[in-house]
Amino acid sequence: MDEVFKALADASRRSLLDRLHAENGQTLNELCEGLEMTRQAVTKHLAILEDANLITTIRHGREKLHYLNPVPIHQIGERWIKKFERSKLAALSELKRQLEKRDE
């Protein structure tokens, strides 16, 4: 899980994930289009994302296609985000209950 958080900590890597979310199965050249990063920097970021299991690659002839793997992000959501939502929902429910009680 630490590798996933480290990979997601960088805005450039999150941008690459967003691009793959918008259009999955892109080549390195396609991912480099419109970015203000060198091809070498994009390659490094993609390697970190692949090591964190956030992307997978498939060779298609001479091309290497990159695909988003949403499973680790989903696991973070389940493990870390939902836990905090529960307390907020309980607080909102209690607030609603108290406001309704006050109006009675």
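Start by selecting K6, which sits in helix 1. With a relative accessible area of 61%, K6 is exposed, because that value is over the 50% cut-off. Keep in mind as you click around that this is a predicted model. Now add A52 to the selection and draw a C-alpha to C-alpha distance: K6 and A52 come out 8.5 Å apart in space, with their positions 46 residues apart in sequence.

**Stop two: helix 5**

Stay with helix 1 (2-8) on screen and bring up helix 5, since the buried residues of helix 5 pack against helix 1. Which residues of helix 5 are buried? Select P72, I76 and G77 and you have them. Next, zoom out to take in the whole element, residues 71-103. Helix 5 has 33 residues, and the distance from its first C-alpha to its last is 46 Å, close to the 48 Å expected at 1.5 Å a residue. Where does helix 5 bend? Put I81 at the centre of the view: the helix bends there by about 40°.

Before leaving helix 5, pick out I73, another of its residues. I73 counts as partly exposed, at 37% relative accessibility. Show side chains around I73 and, once you ignore residues up to four places away in sequence, you'll find that it touches L17 and L54. For L54 you can also check the backbone: the C-alpha atoms of I73 and L54 are separated by 7.7 Å, although the two residues are 19 apart along the chain.

**Stop three: helix 2 against helix 4**

Hide the rest and keep helix 2 (11-22) and helix 4 (39-51). Two packed helices are described by the angle between their axes and the distance between the axes. Here the angle is about 80° and the axes are 10 Å apart. Helix 2 and helix 4 are therefore roughly perpendicular to each other. To light up the contact, select S12, R13, L16 and L17 on helix 2, then V42, H45, L46, I48 and L49 on helix 4. Colour that set by residue type and you get 6 nonpolar, 2 polar and 1 charged.

One of these deserves a click of its own: H45, in helix 4. Is H45 buried or exposed? It counts as buried, because its relative accessibility is 13% and the cut-off for buried is under 20%. Leaving out its neighbours within four places in sequence, H45 is in contact with D10, S12, R13, L16 and M37.

**Stop four: the loops**

From helix 2, follow the chain into the loop that leads to helix 3 (28-32) and select T27. This loop residue is buried, with a relative accessible area of 10%. What is T27 in contact with, beyond its neighbours within four places in sequence? Show E63, K64, L65 and H66, and you have its partners.

Next, jump to the loop between helix 4 and strand 1 (55-60) and pick N53. Look at its backbone torsions: phi of N53 is near 65°, a positive value in a residue other than glycine. As for accessibility, N53 is partly exposed, with a relative accessible area of 40%.

Finish at R62, in the loop between strand 1 and strand 2 (63-68). R62 counts as exposed, at 85% relative accessibility. For a last distance, go from R62 to M37, which you met as a contact of H45: the C-alpha atoms of R62 and M37 are separated by 23 Å, with the residues 25 apart along the chain.

Definitions and conventions. Residues numbered from 1 in each chain as written. Predicted model: local features only at pLDDT ≥ 70, side-chain atom pairs only at ≥ 80, totals over all residues. Heavy atoms only, no water. Helix = DSSP H or I, 4+ residues; strand = E, 2+ residues; numbered from the N terminus. Buried < 20%, exposed > 50% of the residue type's maximum accessible area, 1.4 Å probe, protein only. Contact = heavy atoms within 4.5 Å. Expected span 1.5 Å × (residues − 1). Bend = angle between axes of the 7 residues up to and from the residue. Axes fitted to C-alpha atoms, helices over the stretch in contact; angles between N-to-C directions. Parallel < 35°, antiparallel > 145°, perpendicular 65-115°, else oblique. Nonpolar A, V, L, I, M, F, W, Y, C, P; charged D, E, K, R; others polar.
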